[in-house]
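Biologist: I should be grateful for a close look at a single part of this model, followed outward to the contacts elsewhere in the chain. Please give the reasoning behind each assignment.

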Amino acid sequence: SGVAHDFNNMLAGAMGYTDLSLKKIDANHPLHKNLTNTQQFLERGARITRQLLAFSRKQILEPKYLKINLTVSDLLKLLSKTLGEHIQTEFIPEEELKTIFIDPSQLEQVIMNLCVNARDAMPDGGKLILETKNVLFDETHVAINPHLKAGVYVLLSVSDTGIGMDEKTRLRIFEPFFTTKEVGKGTGLGLATVFGIVSQHNGFVNVYSEPGKGTTFHIYFPALDEKETVAVEKIKKSVADGTETILVVEDDENLCRLIATVLQSYHYNIITANDGEEGLEKFLEHQSSIGLVVSDAIMPKMSGKELHTALLNIDPAIKFLFVSGYSEEIVQKNFILEEGINFLHKPFSPDELAVKVREVLDSK
């Protein structure tokens, strides 16, 4: 996660300057295509970083509107070496797959856990098949399965041709610390984590398995109304400018300069500081005019959390936005999940930053 933190800073800077450059040149400009291609590579880099965070369980909870086919495809490529050459993989996507609202890192963790479990169930080799579909459950389905809720779902199926499970084992697989593996080979938390993540996103899981006949996990996530999703995206793109003064506290000098440049392009007044101690000094100096503090979570001398606590003691009404590519040890465990905390995960685009800043400033 330490590597991801530094890499996210670099990606955020590269993505930001690329986006700013694209806005200043015409689509017919010879460099426009190069910059667009660069942007796509950087976005792929950001997805890989999120996948690495999922591997180490260091991800921040950050739900997004998502069509999951690209996530599944990219993660399968990343997992190829982990699964081994003795496992043949196949992905069968539905092309017109609906959108769901989910934390991409948590979705990646679900896929990863299920794929690794499938690999372990095929020690002598076999086939792993992932499939996505749109599924409609009407009242007749609900009558037969009371745990269902009528509506449209996105189905993610993960199937293997492995050793399978008997009914007694199948009924216990989601219990924390239950495992059929040898001592030291598994914690019994993988499928419990899958169940928890799916449940938190208002989905559900069905498991089909018989000894010697493999296993299939069916994961169902509620599909979103496409009109609602489009409306949200339009709101994001038409974010309003501002006139407030914002204190930006970021120890990465290049990223600090980029954040300042982006926010100035939306007509905010910007004050910058390169660590928490300087941020506190600048706040005390300009307290009457500062409407928002945007701060990295991990900095030398004084962390983002320490700065946040100090500023709350000075002004309990101060608005504060954390930005970070780091996660569990300091950010998630200690304060990010507390009610009322505003967070933006690196790397972010200039538009995402502007939207989030306006959202925090307008919040009560």
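Modeller: The account below begins with one strand and then turns to ring pairs, salt bridges and a surface patch.

The model is a predicted one. The part chosen is strand β10, which spans residues 290-296. Of its 7 residues, 6 are buried, so β10 is largely enclosed by the rest of the structure. On one side of the account stands strand β8 (residues 245-249), which runs parallel to β10 and is joined to it by 5 bridges. Within that pairing, T245 lies opposite I290 of β10. Strand β11 (residues 320-324) is also a parallel partner of β10, here over 4 bridges. In this second pairing S295 faces F322 of β11. The connection from β10 to β11 involves helix α11 (residues 304-314), and the three elements form a right-handed β-α-β unit.

The loop between β10 and α11 contributes a charged contact as well. K301 and D275 meet through their side chains in a salt bridge, with an N to O distance of 3.7 Å. D275 belongs to the loop between β9 (269-273) and α10 (276-286), whereas K301 belongs to the loop between β10 and α11, so the salt bridge ties together parts that are 26 residues apart in sequence. The two partners differ in their surroundings: D275 has a relative accessible area of 10% and is therefore buried, while K301, at 62%, is exposed.

This salt bridge is one of 11 in the structure. Another joins E90 and K127, whose side chains come to 3.0 Å, N to O. Since E90 lies in strand β2 (residues 87-92) and K127 in strand β4 (residues 126-137), this pair ties together parts 37 residues apart in sequence. E90 is partly exposed because its relative accessible area is 31%, and K127 is partly exposed because its value is 27%.

A further salt bridge is found between K23 and D19, with the closest N and O atoms 3.5 Å apart. Both residues are in helix α1, and because they are 4 residues apart they are separated by about one helical turn. K23 is partly exposed, given a relative accessible area of 48%, whereas D19, at 13%, is buried.

Helix α1 (residues 2-24) also contains F7. Together with V3 and M10, F7 makes a nonpolar surface patch of about 320 Å². F7 counts as partly exposed because its relative accessibility is 33%.

Aromatic contacts complete the picture. The structure contains 8 aromatic pairs. In one of them the ring centres of Y153 and Y220 are 6.5 Å apart and the planes stand at 90°, so the pair is edge-to-face. This pair links distant parts of the chain, with Y153 in strand β5 (residues 151-160) and Y220 in strand β7 (residues 215-222), 67 residues apart. Both Y153 and Y220 are buried. Y220 also pairs with F204 in a stacked arrangement, at 4.7 Å centre to centre and with 20° between the planes. Here too the link is between distant parts of the chain, since F204 is in strand β6 (residues 204-209) and Y220 in β7, 16 residues apart. F204, like Y220, is buried. Ring pairs unite F137, Y153, F204 and Y220 in a cluster.

Terms used. Residues are numbered from 1 along each chain as its sequence is written. This is a predicted model: local features need pLDDT of at least 70, side-chain atom pairs count only at pLDDT 80 or more; totals for chains, interfaces and linings use all residues. Side-chain values use heavy atoms; hydrogens and water are left out. Buried means under 20% relative accessible area, exposed over 50%, partly exposed in between (1.4 Å probe, protein chains only). Helices (H or I, at least four residues) and strands (E, at least two) are DSSP runs, numbered from the N terminus. Two strands pair if DSSP finds at least two bridges between them. A crossover is right-handed if, with the strands pointing away from the viewer, the path from the first strand over the helix to the second runs clockwise. Rings of Phe, Tyr and Trp (its six-membered ring) pair if their centres lie within 6.5 Å; planes under 30 degrees apart count as stacked, over 60 as edge-to-face and the rest as tilted. Patches are made of residues with over 30% relative accessible area and no salt bridge: like charges are joined within 9 Å, nonpolar side chains (Val, Leu, Ile, Met, Phe, Trp, Tyr) within 5 Å. Accessible areas come from the Shrake-Rupley method with a 1.4 Å probe; for residues, only the protein chains shown count as cover. A salt bridge is a side-chain nitrogen of Lys or Arg within 4 Å of a carboxyl oxygen of Asp or Glu.
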